[in-house]
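Biologist: Could you take me through this structure? I have not worked with it before.

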Amino acid sequence: MKLWKSLFIGCSLVAMSAGLAFADNGDTLKDVQAKGYIQVGVNGDLFGFGKADQKGVWKGLDVDTARAVAVAVFGDYKDRLRYTPLTAKTRFTALQSKEIDVLTRNCTQTLGRDTSLGLDFVQVNYYDGQGFMVPKALGVESAKELGGATVCVLPGTTTEQNAADFFRSNNMEWKTVTIENTAELSQAFWAGRCDVLTSDASQLAGLRASAPKPEDYMILPDIISKEPLAPAVRHGDNQWKDIVNYSVLAMINAEEMGITSANVDEMLKSTDPKIQRFLGVSPGNGAALGLDEKFAYNIIKQVGNYGEVFERNVGVNTPLGIERGLNALWTDGGLMYSPPFK
Amino acid sequence: MASEQTNNAKTYFWNDEKTRAIIYQIVTAAFVAFIGYYLISNVQTNMEKQSIASGFGFIEKEAAFEIGESLVEYSAADTYGRALLVGVLNTLKVSLVGMILTTILGTIIGVCTLSSNWLISKFGTMYVELFQNIPVLLQLFFFYALFYEIFPAPRQALNPVTGVFITNRGIDFPVPAPDPAWGYIGLAFVAACIVIWLVNRWAVKRQERSGQQFPMFWVGLGILIGLPLLTWILNGAPTQMDVPVLKGFNFQGGRNISPEFSALLIGLVLYTASFIAQIVRAGIQSISHGQTEAAMSIGLKPGMVLKLVIFPQALRVIVPPLTSQLLNLTKNSSLAVAIGYPDFVQVAGTTINQTGQAVEGVAMMMVVYLTFSLLTSAFMNWYNKKIKIVER
């Protein structure tokens, strides 16, 4: 009867794990509070957005976005973030399978991804568009002259599809070289395996800055697509989505209100009720999100407002040298706009 | 009482060994089926909860991405199904060519290691030690980098022979321009192969009967070249070539072998050949030296000894492990992803990413590789049976 016994044990084990396996998506906040850190999916290879420097310190716009979320949840970000570098192909699966809690990895929001991948995008943290980088020696002035070219592109990205659409609609022949790893791909491009490297314009600027001879390359003026890059969370966890969303929005709102990491302490004394509500001097917002009342104050104090984050990582004084453009506040002709914090 | 115990009719059915064996098997099968059902339904429920799309409907949808090289017509306007087919064919291409080349190279190296010539045998040993001990992924990176770092851009193309261009975009070479004659020549080639097979059968029979030898090699070569050549002349000897020409960024026309394909092929062939060399060496060494001496003593030349006495026996030792090496080559070809060769894994990976349907995509990958592997095994098992020593 030994066999029956072990069979019985086996069956009950399966039945028990069934209960565990059906855990739903609705408790990411509890999960991260219990484990004490947030597992965040980042690029890993993209200067200005998500890349570790020589000392192993993570830097970039997406990294700062993740920091803002960590600060909102824990009050500080030191040792509160663990990074998972992801390729374009592995990023969504990592989020679906709960390997990571939040994905801040320059992902373009599209209808298809929003509906069929089991994830939700939140506030856009960078409005991008797809461009082309070519060696200056090629003598090309516009993307329309690229017929017959060999193009390096990351597989599994919206840029891969956009480029296909662009060449198709302009009736141009082209050839692709698709290598999964950004570093390998750009290496092939620097060596001349392809004539063109296509990606989001911000990425091209980042890659160009890391080229052996940046001055030999130029980014063509054509922008062929809309690429709203947004952090993403799992579908169905509304509280967690709100937290990530308002962490990004808090940085934008702070810039609108003129609050910076330098003056945020003074601003606490402001008599403006809007600022008082925003910084948690008059309570309400934090409790609504299930966070500390000071979450916005903490984000601004420790990470900075959106303008500061932008200038620090990708702005004109960085090797990337990107103008604010679409990423300026709506008051300055850009698209960055925050709903009221009340 | 004693008579009751020996009475079979009275034993309970679970005390019957046969019945019990059947019950065990039914229970085990049911248990496995239950686990399978449980896993599948669990995945389905969870995916529904997370609102992840499921099903194979995406195969009919437009893929909207390009693939670098393809054996069949393909464009971004085609369906995912066709894109996946392109991937399967690309994997087949590199695997089949790789298997043939690596078997030849591995055999040569294996024989080399046993050579009585010091230089040749040391070369063989060094080759095996070098390629066997470097991870194949590193070798792929190395050969790929070699291609794009060493060879010039298209405008400074190397031009070793008229019409052949070597660049960091691969090797461009001319092919005969389309002409109906080439179809007939292909048929003539197939016909030549059949004729050779028939003649060979006749020659073997004749030798067995009368002991007379027939110069099969030269006759065969003559037929193989002569028949297609004759067809070519009869069809008006078309000489028009489709020569690659530098137009814009790249060479147009002719055929191109891409650096990705070349690097993958070279990497896989060199790596796998080192293992096959060891298998071949072991196989040959497993044949007792007395066989060689016996063969020599009846006056066979060393080449004939190898061909007629040693190899037929060694093959029985060689073929089973050789099969697993060839399967390894097929499976290792999925490393293509790293150097941008659009094999099945890469296309399926992109498909998974665009559609978000990882479960279906991974299932397809498993089915495809399983099919490749089972087919290879089936072929090798058939071959293994064929070369078995006939018991007399």
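Modeller: The following exchange covers the contact between the chains, a pair of helices, the domains of one chain and two loop residues. Please keep in mind that this is a predicted model.

Biologist: How many residues does each chain bring to the contact between chain A and chain B?

Modeller: Chain A gives 40 residues to the contact, and chain B gives 40 residues.

Biologist: Which elements of chain A supply at least two residues of the side that touches chain B?

Modeller: They are helix 1 (2-21), helix 4 (91-96), strand 9 (149-153), helix 6 and strand 10 of chain A. The largest share, five residues, comes from helix 6 of chain A.

Biologist: And what is that side of chain A made of, by class?

Modeller: The side of chain A that touches chain B has 15 nonpolar, 15 polar and 10 charged residues.

Biologist: Moving on to helix packing: how do helix 9 and helix 13 of chain A cross?

Modeller: The axes of helix 9 (residues 238-257) and helix 13 (residues 295-302) of chain A come within 10 Å and cross at roughly 70 degrees. Because an angle of 65 to 115 degrees counts as roughly perpendicular, helix 9 of chain A is described as roughly perpendicular to helix 13 of chain A. Their crossing is right-handed.

Biologist: Which residues meet there?

Modeller: From helix 9 of chain A, Ser247(A), Ala250(A), Met251(A) and Ala254(A) meet Ala296(A), Ile299(A) and Ile300(A) of helix 13 of chain A. By class, this contact has six nonpolar residues, one polar residue and no charged ones.

Biologist: What about chain B; which domains does it have?

Modeller: Chain B is divided into domain 1 (28-58) and domain 2 (80-155 + 257-386). The C-alpha centres of these two domains of chain B lie 37 Å apart.

Biologist: How many residues of the two domains are in contact?

Modeller: Six residues of domain 1 of chain B are in contact with six residues of domain 2 of chain B. On the domain 1 side, five are nonpolar, one is polar and none is charged.

Biologist: Back to chain A: where does Asn106(A) lie, and is it buried or exposed?

Modeller: Asn106(A) lies in the loop between strand 5 (102-103) and helix 5 (111-116) of chain A. Asn106(A) is buried, since 29 other C-beta atoms lie within 10 Å and 20 or more is the cut-off. Although Asn106(A) is not a glycine, its phi is positive, at about 25 degrees.

Biologist: And Asn171(A), buried or exposed?

Modeller: Asn171(A) is exposed, with 7 other C-beta atoms within 10 Å. Asn171(A) is in the loop between helix 6 (158-169) and strand 10 (174-178) of chain A, and its phi is also positive, near 55 degrees.

Notes: Residues numbered from 1 in each chain as written. Chains lettered and ligands numbered in written order. Predicted model: local features only at pLDDT ≥ 70, side-chain atom pairs only at ≥ 80, totals over all residues. Helix = DSSP H or I, 4+ residues; strand = E, 2+ residues; numbered from the N terminus. Buried ≥ 20, exposed ≤ 12 C-beta atoms within 10 Å, placed from the backbone. Domains from an automatic or database assignment. Contact = placed C-beta atoms within 7 Å. Nonpolar A, V, L, I, M, F, W, Y, C, P; charged D, E, K, R; others polar. Axes fitted to C-alpha atoms, helices over the stretch in contact; angles between N-to-C directions. Parallel < 35°, antiparallel > 145°, perpendicular 65-115°, else oblique. Left-handed = near helix turned anticlockwise from the far one by under 90°.
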